[in-house]
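Here are three short exercises on empty space and surface. Have the viewer open and try each one before reading its solution.

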Amino acid sequence: MDPTTDNAAPTGDPAAARAALEALRAEIAKAVVGQDPAVTGLVVALLCRGHVLLEGVPGVAKTLLIRSLAAALELDTKRVQFTPDLMPSDVTGSLVYDARTAEFSFQPGPVFTNLLLADEINRTPPKTQSSLLEAMEERQVTVDGTPRALPDPFLVAATQNPVEYEGTYPLPEAQLDRFLLKLTIPLPSRQDEIDVLTRHAEGFDPRDLRAAGVRPVATAADLEAARRAVAATTVSPEITAYVVDICRATRESPSLTLGISPRGATALLATARAWAWLTGRDYVIPDDVKALALPTLRHRIQLRPEAEMEGVTADSVITAVLSHVPVPR
């Protein structure tokens, strides 16, 4: 093809990458109704090389959302249904003896993918949950002393039922802290639920996304270009201090036994930068920090038992902190 007649945007163009990622929302909406905030959160996590915890009652399209994202980004995806009898090797892979060669060979587990859907992660015991820690933090798996790198991009999208549900195990604090964002998936509004039922009545099959019209609208190259642009987004000293002040204020809250750690502060700064770039700016403002504070911080704090009994929630504590910490001008 003659390059002078090729109207396509050059590979690595940040503006083209932003447009491609913005198109994800419309593409995923072909399969999932009314979950724009969750879609935005997943894109932010991909830009920050982070992982996402999705919480909601069964049947609100958490799994469908992840599958639709993978289809729209043309990423390899695998799914693991976490159950009480799942073993760590079922996730990471294991050495298998080959009788023909009299040698052990490594059989990769489902973690070797771009987008791992860890479905109902809190239905498996902590030992298996912890098998993901190395993969999430180091982006590698060590089996029999040999580290094996995971693909890039790599994102764990874990779904969980609310902890009040029977047969669930609370995630260890160390694992919760490895998730960049915790997104809550609410029940749909009345009109959204009508739309869902109408689609199903017209023949929509959630197992056949191609028939629903979901097509790749962004690539790994777009994602890499976007990550470079996010890394170049300017953060002023005032914004950095604002993030620190928010996190330090949580450590002094009388409703909490555990406030935000420096890792949480780093995560908030990263997600604010990604949000600033997605909205078309090359610098971060306080509103970017506020917009991502709840999903970035809500799973990193622990409420005092007496505060929980009084109806205090993680979101209400963070909202109160945001209203009291002075905003830089």
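Helices here are DSSP runs of H or I with at least four residues, numbered from the N terminus. Keep in mind that this is a predicted model.

**Exercise 1.** Work out which helices line the second largest pocket, and which one gives the most.

*Solution.* Start with the space itself: the volume of this pocket is about 420 Å³. Next, look around its centre, where Gly59, Val60, Ala61, Leu64 and Val196 lie nearest, out of 21 lining residues. Now bring in the helices: α3 (62-73) and α8 (190-201) each supply at least two residues of the lining. The top contributor is α8, with six residues. Finally, sort the lining by class, and you get 12 nonpolar, five charged and four polar residues.

**Exercise 2.** Find the cavity in this model and describe its walls.

*Solution.* Searching the whole structure turns up one cavity of 30 Å³ or more. The largest cavity has a volume of about 40 Å³. Its lining consists of Arg25, Ile28, Ala29, Val32, Gly34, Gln35, Asp36 and Val39. Map these onto helices, and α1 (14-28) and α2 (36-47) each turn out to supply at least two. By class, the lining splits into four nonpolar, two polar and two charged residues.

**Exercise 3.** Is tyrosine 97 buried, partly exposed or exposed? Then place it in a surface patch.

*Solution.* First locate tyrosine 97: it sits in strand β3 (residues 93-98). Its relative accessible area is 46%. Buried needs under 20% and exposed over 50%, so tyrosine 97 counts as partly exposed. Last step: Tyr97 joins Leu95 and Phe104 in a nonpolar surface patch of about 320 Å².

Note on methods. Residues are numbered from 1 along each chain as its sequence is written. This is a predicted model: local features need pLDDT of at least 70, side-chain atom pairs count only at pLDDT 80 or more; totals for chains, interfaces and linings use all residues. Side-chain values use heavy atoms; hydrogens and water are left out. On a 1 Å grid over the protein atoms alone, a cavity is a set of points where a 1.4 Å probe fits but cannot get out, and a pocket is an open set with protein on both sides within 12 Å along at least five of seven lines; lining residues have an atom within 4 Å of a point. Grid points are joined across faces, edges and corners, and a volume is the space filled by probe spheres set on the points. Ala, Val, Leu, Ile, Met, Phe, Trp, Tyr, Cys and Pro count as nonpolar, Asp, Glu, Lys and Arg as charged, and the others, Gly among them, as polar. Patches are made of residues with over 30% relative accessible area and no salt bridge: like charges are joined within 9 Å, nonpolar side chains (Val, Leu, Ile, Met, Phe, Trp, Tyr) within 5 Å. Accessible areas come from the Shrake-Rupley method with a 1.4 Å probe; for residues, only the protein chains shown count as cover. A salt bridge is a side-chain nitrogen of Lys or Arg within 4 Å of a carboxyl oxygen of Asp or Glu. Buried means under 20% relative accessible area, exposed over 50%, partly exposed in between (1.4 Å probe, protein chains only).
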